[in-house]
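Here are a few exercises to help you find your way around a new structure. Try each one with the viewer open, then check the solution.

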Amino acid sequence: MSSQQQQTYDTTGWTESVVKDYLTATSQQKDDPEKFYDTHLDVDKIYAEFLGGTYQDDFVSQEDLRDELLSGGVDDDIRTYILRGETGSGKSQLCQWLDYELQGIGNAENVDERVPLHIKASETSLEQIITTIAEPLEIDPEVDQVTELNAGELADGIVASIRANPGPKLKDIELNRLLSPKEGDLGSILEKNIENYQKGLMEDDETDFDPNLISRDDYRDLRLKLGTDSVFHENADVLRQALRDEIHRHFSHLIGVDDFQGQLRDYTKRMVEEQNQRPVIICEDVTTFSVLKEQLLDQIIQVESATYDIVLGYTTGFEQDDLQDALGSRGSEEPLTYLKDRAEGYLSLTDDGEAYFLDDAISVELVRKYLDVIKRESGVGVSEELESAFDSLYPFNRAFIRRVYQNLQENGDPRRTPRVLLQKVVRRCLLSDDPPYEVVEKSTNVADIVPAVNPAAYDDLTEQVATWYGVEDESSDRIKVNQGVLDAFGVRHTSVQTVDREDGTYSLFESNEMAQQILIETGETTGTDTPGGDSGGSDTGKTTGKDPDDPETETTGQQPTGQNSTERKDLDRKQRQMKDFYKWVRTGDDYESSEKLRGGAEDILELWHEPTRLANPNATTPGANGIYYTKGSSVPVSIQGANERKGLDVMLPFGEDHMELYTEVLGYELNDGFREGANIEQLHSWATENVVGFRQKMRDALETCLPPEMTIEHCFLLGKYLLLNGEFGETAFGREEVFTGIDLDDREYSNPIHTILGRTHPVSEMFTELSHRRSDIEGLIEGFFLLKSSVVDYQKLRDVRTDIANDPGEYLGYAQQIDTGKLDEPTRYEIGSTRSNANVQVSTFLDALSDYAIEVDILDDDDLQSHFDEYLDPVRKWYDPSHTATELADWFDRLEDCLGTFEETKESDWQDVEELLEKEDPQLQLSEFGNRIDDFLDPELDSPFERISVLHSFAQSQENHHAWKVYRVLDEMIDALDEYDVDQSTDLTDRLTELERLNEYESARSEVRAALEEY
Amino acid sequence: MTYTYATNKSSRDLVSYQSVRGAETKAIFETIQEGTSISGIKDNFVKPVEDSSDRNVDHVLQFLEATDFIERPSERTVQPIENQPFENLPFELRLLHHLSRQENPQDHFIRITEVVADADVALYDKEDLLEDVKRQLGSYPFDWTKEKIKMWYDMLAPLGLVSVRDNQEILTSPSPAIVYDLLDEYETREGDRRVRHALDWVEEHFFACYTSRGGVPTVHRGLSDTIGTLVADGVLELRSPSDATHEVDVPSTKADRVSSFTLNDRPARPAYQYPLEAHEIEVKA
């Protein structure tokens, strides 16, 4: 692509040396009035907070300022005009123009009584300033060239002078430590700074160097060296200024300026008196002044009379720190206020990085002036045909310059000044072999702008040329580009419409409407009116209210507000983010601001869905549980190749096919809402697909842990079934069982899994784990099987419930195969009713289900029997179906009599049984009891569920059938008497008879014992 | 095929069935056959808990009867009204058709789609909708309330006519499934592919499509977006032949005015399913 364009791109119309001559920081043409006037663009818009007696809070022109300077008498008192402006905003240009005008080179009349003393920003060394001031008097001020002096010697001289003559403010201060080479070593600091100063003076450009011979940093270092107890530490601000003033005073003196203020007063006075000319000191930028800055400012604000005018230029921002410092303390007033109060004019060239006088239309004329001169001086000429296609601005055109101007920046901040436009953009374009649209695309001084034409429809070359050279076609909403421009850059398009307009033939390209709307909405939301036509690709300024037919229309605002730089930066940032996006979506390459696209995708995915919740998607069941993927703060979105998540995600693959959809997604994030023309259904459909897909991934991940026959829904229902079985011995699983809450108060006995098997039995332990998941399981069943709180999702429930109910054993087997080790990120799947309260891991539930399934399956009939035996033994021993309640009561009495004889203590259970048997109708239900015990004596059961069920029947029988207790107590009583026993019978009647015989014997024996004791 | 009205049905205003939503209405209807007992339906659908209430299910049955899907041959049973038009179509579309057949004042339900079409917005604030409905449909013998509006979208959003965004605004675009099936049905029935005729037919039998009808009618924003989605997905092709007479303006498509359509195969993707079916692929086969 590039080889083709470079063959086509014609750069023969200008020569490198001419370009460099005209487009340099210290423009050569400023020394040549003719060239100067050729390239000078009238500075027609200067904001005057006030100027003379005429203007207040108004815009003034360069002529207004000149005429103000020409007003008044030769020997009037000093007048000061403050001229603020950011670097490169045209201060020098304006000052040069004033200089020429006052010299009489321009159009001004009545200039005979003025003599301009122009101190250029590049000529601010001490000797240059003095020479400039002395020049009209033809005096040689005999000042040494600082650059030719030895820095070390100068520094030593200053130190020696301070020692000898410290001045009024330092005279009482102990200076030895400060000056000593072993301690403060001021001399070395000065030497270094003088060297830097000399270097700075020799540079061509207005380079940044600190014109102070002692900087704040230097002073801080000194202070630290001298220790916190030194006076330089305590009284830092005052002493730093005093020390600096003394250093500068002695420095001036050493190079031959004994008394700058005196000389200034003297020279200007002589001009007035001897030549009848009023000096006008035009000081381009006092910021760059060095040792004379304080002295000059001091002079200006002296109350003493002086007879000259001074235009005091300074770089905006200077007043914030340097001015205060240079002016020193002026009583209670702020230095700026103090200076303003004494000034005749207070003017600003810029606001927020933007030159007032330069707008996009004027910037075109500015560039045109330079191009005309450069082409003329280069002497080759560009074909008329080419110039015509390029609005006579080849290799730019009007749209190009305006678009560049609107997007000028420096160090990332908007800076629409002539210097940036001319030096940083136009110059580089003209010196490059690459065509201008490529140069500006790469330039750090031109903010990224989004393509003006639909990037999905055109190749890079077309897109770039149309973006920079195209304008919106009034009659078609398309972007039109002059055919001559397209030909010049080798853009060939067969499929686009061509139209003939008054000023030529144009190709029409589909505009990048989406991006424009997104960016315009940005402007609207932040309350600006600027971006639309200028930066979003439309050149007609739909949203600016400008007349689309008149490209020269000026911006209308008369207030010096302009576009707020925050808003401008906001827009620039968004343009950059869109550019990033376009690049990524085509190539999948780096995508610095991919978080924006991700943010938009997350928001849109959550607009109509709860993407990370797995539950019944058709339900409205607030409070019901679901399974949430809880990683991150919302649904995880990956930007393919650029910003991919680990784990589950919704992937946004790159590719031009997705460009339009993603542009909407990005726009949603950038503007915090849909753009007006967005097809929201398309985004809704996209969200639905991806949410369904994401939930499918969640399900797949979870079901990887399950055997293929089992779904997670089966797990919930099996869990509920096992809980019901474990808590109540239930083996049926109808619809009621699915939804009925487990209320342990419904059970009259303690759970035999714990009481009979024992707390430490594995089944018991695992059941405890599973029952901890009870509310999770019940909540999940509601979340998956209800349509609303009182309506069942019948179709969904039917099959799963039938599966479990028909063969719970089969699913118990599947549950044993659950392997949560297969789940990636087990901590990310959690159960809860909302994402934020989901804090039980699904794996905890699945493990509990699986572990219990394993243990309960191991439980066999013999296990059960062994646990029953303790209870069954007395019954096996003594029970006979023929027993009646009366018989049992009788036997109890007889045994109690016997035991009374032996003075056996009654157990509390015995007491209970005694009370029970004493009742008229003890309700022993002996026949029913008899029927039940067969179930327990020799259980032969088909399934673990039946075993648990029998366990419950057993516990329930224990609770309900008092016969268990009666036989146990009888057994215990007999056991107690066995201590005294010889023969044993297993028949309860026989046994009692034997015991009664024993009783008689014992009665006799105790009678004997009693008699003996009595004796 | 003529439309049959259920006899002796309740005259309760359709928007007053405030607990009835699309999901259970469809689910319950799909279990009803000839001789289905009401108690059987309740056994299936009422959550079987102690304090369970069958009021919801009763209301759904009443609503189905009021919209001529079922009738009650006896006190204890219900059965579908057979041979209704569009029996071959999914329940979602049939309900829209049945709603469009209701006579005054029960036509209030479907007429809300006219208010939506008139508004011509993609996202409709619920309160704005209520205000517009009060203004445009103020002649009915009941007061419009936000509960009635909620009932309307709770019924129709699950069926796909609209979507509810963030519980704040109603997305007025019908599901791509609805638009696809209707265009397909029209083409099959009438053997015609003229967009204007197809949409006129949808307006007559299902829901309002146009925001303006004079001259070249303009499809309302929500429907236009859905049509645009089908076009962008390559499912639907729209053409505007130079000799076209019956044109329609579909603002969301790049071609301004269109006259004929071609449907390609229906994608299996979730966005082309009805909302209640879209998530079915989640469950293992």
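The exercises below work through a predicted model, with a solution after each task.

**Exercise 1. Find the cavities and say what lines the largest one.**

Solution. Start with the count: there are 4 cavities of 30 Å³ or more. Next, take the largest, which has a volume of about 70 Å³. Now look at its walls: the lining includes T113(B), V116(B), W152(B), L161(B) and H220(B). Also among the lining residues are V162(B), T172(B), P174(B), F207(B) and A208(B). Finally, sort them by class, and you get 7 nonpolar, 3 polar and no charged residues.

**Exercise 2. Locate the largest nonpolar core and pick out the residues with the most contacts inside it.**

Solution. The largest core has 140 residues. Those with the most contacts inside it are F581(A), L597(A), I604(A), I627(A), F674(A) and Y829(A). Then ask which helix gives the most to this core: helix 43 (residues 963-978) of chain A, with 10 residues. Now zoom in on Y829(A). Leaving aside neighbours within four places in sequence, Y829(A) is in contact with residues including I627(A), Y628(A), Y629(A), L648(A), M698(A) and V842(A). Apart from this core lies another, of 88 residues, and among them are L787(A), F109(B), L182(B) and L276(B).

**Exercise 3. Take the salt bridge between E101(A) and R66(A), and decide whether each partner is buried or exposed.**

Solution. Across all chains the count is 71 salt bridges. In this one, the N to O distance between the side chains is 2.5 Å. Trace the two partners next: E101(A) sits in helix 5 (residues 91-103) of chain A and R66(A) in helix 4 (residues 62-70) of chain A, so the pair links distant parts of the chain, 35 residues apart. Buried means under 20% relative accessible area. E101(A) has 1% relative accessibility, so E101(A) counts as buried. R66(A) has a relative accessible area of 10%, so R66(A) is buried too.

**Exercise 4. Do the salt bridge of E131(B) and K134(B) in the same way: where do the partners lie?**

Solution. The side chains meet with 3.6 Å from N to O. Both residues lie in helix 6 (residues 126-136) of chain B, 3 residues apart, which is about one turn of the helix. For accessibility, partly exposed lies between 20% and 50%. E131(B), at 42%, is therefore partly exposed, and K134(B), at 40%, is partly exposed as well. One more thing to look for: salt bridges that share partners join E68(A), R79(A), R278(A) and D309(A) into one network.

**Exercise 5. Hunt for backbone oddities: which peptide bonds are cis, and where is phi positive in a residue other than glycine?**

Solution. First, the background: most residues other than glycine have a negative phi, and most peptide bonds are trans. Now the cis bonds. One runs from Y394(A) to P395(A), with omega near 15 degrees, and P395(A) lies in the loop between helix 18 (384-389) and helix 19 (398-406) of chain A. Another runs from N104(B) to P105(B), with omega near 5 degrees; P105(B) is in the loop between helix 4 (91-101) and helix 5 (108-119) of chain B. Then turn to phi. D672(A) has a phi near 55 degrees and lies in the loop between helix 28 (659-671) and helix 29 (680-703) of chain A. E825(A) has a phi near 50 degrees, in the loop between helix 36 (808-816) and strand 22 (829-832) of chain A.

Definitions and conventions:
Residues are numbered from 1 along each chain as its sequence is written. Chains are lettered from A and ligands numbered from 1 in the order in which they are written. This is a predicted model: local features need pLDDT of at least 70, side-chain atom pairs count only at pLDDT 80 or more; totals for chains, interfaces and linings use all residues. Side-chain values use heavy atoms; hydrogens and water are left out. On a 1 Å grid over the protein atoms alone, a cavity is a set of points where a 1.4 Å probe fits but cannot get out, and a pocket is an open set with protein on both sides within 12 Å along at least five of seven lines; lining residues have an atom within 4 Å of a point. Grid points are joined across faces, edges and corners, and a volume is the space filled by probe spheres set on the points. Ala, Val, Leu, Ile, Met, Phe, Trp, Tyr, Cys and Pro count as nonpolar, Asp, Glu, Lys and Arg as charged, and the others, Gly among them, as polar. A nonpolar core is a set of buried Ala, Val, Leu, Ile, Met, Phe, Trp, Tyr and Cys residues joined through side-chain atoms within 4.5 Å. Buried means under 20% relative accessible area, exposed over 50%, partly exposed in between (1.4 Å probe, protein chains only). Helices (H or I, at least four residues) and strands (E, at least two) are DSSP runs, numbered from the N terminus. Contact means heavy atoms within 4.5 Å. A salt bridge is a side-chain nitrogen of Lys or Arg within 4 Å of a carboxyl oxygen of Asp or Glu.
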